[in-house]
Amino acid sequence: MAIPFKEVIKSLLGSNASKDTWEYIIINFRLPKAITAILIGIGLSISGLLMQTLFRNPLAGPYVLGLSSGSSLGVAFVILGAGALPLVLSDFLLSSYGIIIASCLGSFAVLMLVLLISKFLRDTMTILIAGLMFSSFAGAIVSVLSYFSSAEKLQKFTFWSLGSIGNLSWQNISLLMVAVFISSHFLSLS
């Protein structure tokens with residue numbers, strides 16, 4: 001819906017827009033998406049800086065080191081393998097917070113494996129190759145889980161993997177904001 005720029009400014013400054021629907025769209029749909037996109041950009045840039053600094057390699061990234069694949073593997077275990085879990089546990093894991101936790105744990109597990117290998121291998125290129133190996137291994141497990149899952153679960157996993165900044169509540173945005181600012185604070189301390 002096209003909303004005049006003057007009306008957007010009025011809504012953002014606290015004045016009422018000419019139409020209530022415009023104000024509702026701006027405050028409840030467009031503003032949360034814009035804030036989320038900014039926070040995600042800040043978080044991704046900090047993550048990239050830390051990863052490239054840690055490995056002393058400008059090519060180090062979440063795909064090269066297998067972290068994104070580990071994240072997908074954690075979520076695949078939850079979404080595609082939730083039928084094997086008790087009902088109470090699967091209800092929590094299939095919630096938005098459970099999926100976030102599974103994603104973080106999967107990524108963290110791969111990071112710990114890469115860091116463990118880095119203690120034995122001092123060559124950064126070899127560590128990057130090991131990260132690609134973990135990425136391929138995690139991708140293979142996700143493919144096997146996808147093959148044996150139902151169409152509904154596979155659709156949910158596919159939508160998760162495509163990502164979205166929509167349908168976020170102000171509570172979710174404030175949690176994201178706290179996480180980004182705590183992370184950036186620790187970066188400034190190091």
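## Tyr63 and its surroundings

Let's start with Tyr63, which touches Ser68, Leu132 and Ser135 once residues up to four places away in sequence are set aside. This is a predicted model, so keep that in mind throughout. Tyr63 sits in the loop that runs between H2 and H3. Is Tyr63 buried or exposed? Its relative accessible area comes out at 63%, and because anything over 50% counts as exposed, Tyr63 is exposed.

There's also a longer-range relationship to look at. Tyr63 and Ser143 are 80 residues apart in sequence, and their C-alpha atoms are 17 Å apart in space.

## The largest pocket

The largest pocket has a volume of about 2,300 Å³. It is lined by 47 residues, and those closest to its centre are Ser71, Ile100, Ser103, Cys104 and Leu176. Several helices give two or more residues to this lining: H2 (20-55), H3 (67-79), H5 (96-120), H7 (151-162) and H8 (170-189). Which of them gives the most? That's H2, with twelve residues.

As for chemistry, the lining of the largest pocket splits into 28 nonpolar residues, 18 polar ones and one charged residue.

## Ser103, close to the pocket centre

Ser103 is worth a second look, as one of the residues closest to the centre of the largest pocket. Ser103 belongs to helix H5. With a relative accessibility of 14%, Ser103 falls under the 20% cut-off and so counts as buried.

Which residues does Ser103 contact, leaving aside neighbours within four places in sequence? They are Ser71, Val75 and Trp160. Ser71 is itself among the residues closest to the centre of the largest pocket, while Trp160 turns up again below as part of an aromatic pair.

## Aromatic pairs

How many aromatic pairs does a search of the whole structure find? Three, and two of them are described here. Tyr147 and Phe148 have ring centres 5.0 Å apart, with their planes at 85 degrees, so this pair is edge-to-face. Tyr147 counts as exposed at 66% relative accessibility, and Phe148 is exposed too, with a relative accessible area of 68%.

Phe157 and Trp160 make a stacked pair, with 6.0 Å from centre to centre and 25 degrees between the planes. Both residues lie in helix H7, three residues apart, or about one turn of the helix. What about their accessibility? Phe157 counts as buried, at 7% relative accessibility. Trp160 has a relative accessible area of 28%, which lies between the 20% and 50% cut-offs, so Trp160 is partly exposed.

## The second largest pocket

Next comes the second largest pocket, which holds about 180 Å³ of space. Its lining is made up of Leu54, Phe55, Arg56, Leu115, Ser118, Lys119, Leu121, Arg122, Thr124 and Ile127. H2, H5 and helix H6 (124-147) each supply at least two of these residues. Where does the largest share come from? H5 supplies it, with three residues.

Sorted by chemistry, the lining of the second largest pocket has five nonpolar residues, two polar ones and three charged ones. For reference, the lining of the largest pocket includes one charged residue. H2 and H5 appear in both stories: each gives two or more residues to the lining of the largest pocket, and each supplies at least two residues to the lining of the second largest pocket.

Definitions and conventions
Residues are numbered from 1 along each chain as its sequence is written. This is a predicted model: local features need pLDDT of at least 70, side-chain atom pairs count only at pLDDT 80 or more; totals for chains, interfaces and linings use all residues. Side-chain values use heavy atoms; hydrogens and water are left out. On a 1 Å grid over the protein atoms alone, a cavity is a set of points where a 1.4 Å probe fits but cannot get out, and a pocket is an open set with protein on both sides within 12 Å along at least five of seven lines; lining residues have an atom within 4 Å of a point. Grid points are joined across faces, edges and corners, and a volume is the space filled by probe spheres set on the points. Helices (H or I, at least four residues) and strands (E, at least two) are DSSP runs, numbered from the N terminus. Ala, Val, Leu, Ile, Met, Phe, Trp, Tyr, Cys and Pro count as nonpolar, Asp, Glu, Lys and Arg as charged, and the others, Gly among them, as polar. Rings of Phe, Tyr and Trp (its six-membered ring) pair if their centres lie within 6.5 Å; planes under 30 degrees apart count as stacked, over 60 as edge-to-face and the rest as tilted. Buried means under 20% relative accessible area, exposed over 50%, partly exposed in between (1.4 Å probe, protein chains only). Contact means heavy atoms within 4.5 Å.
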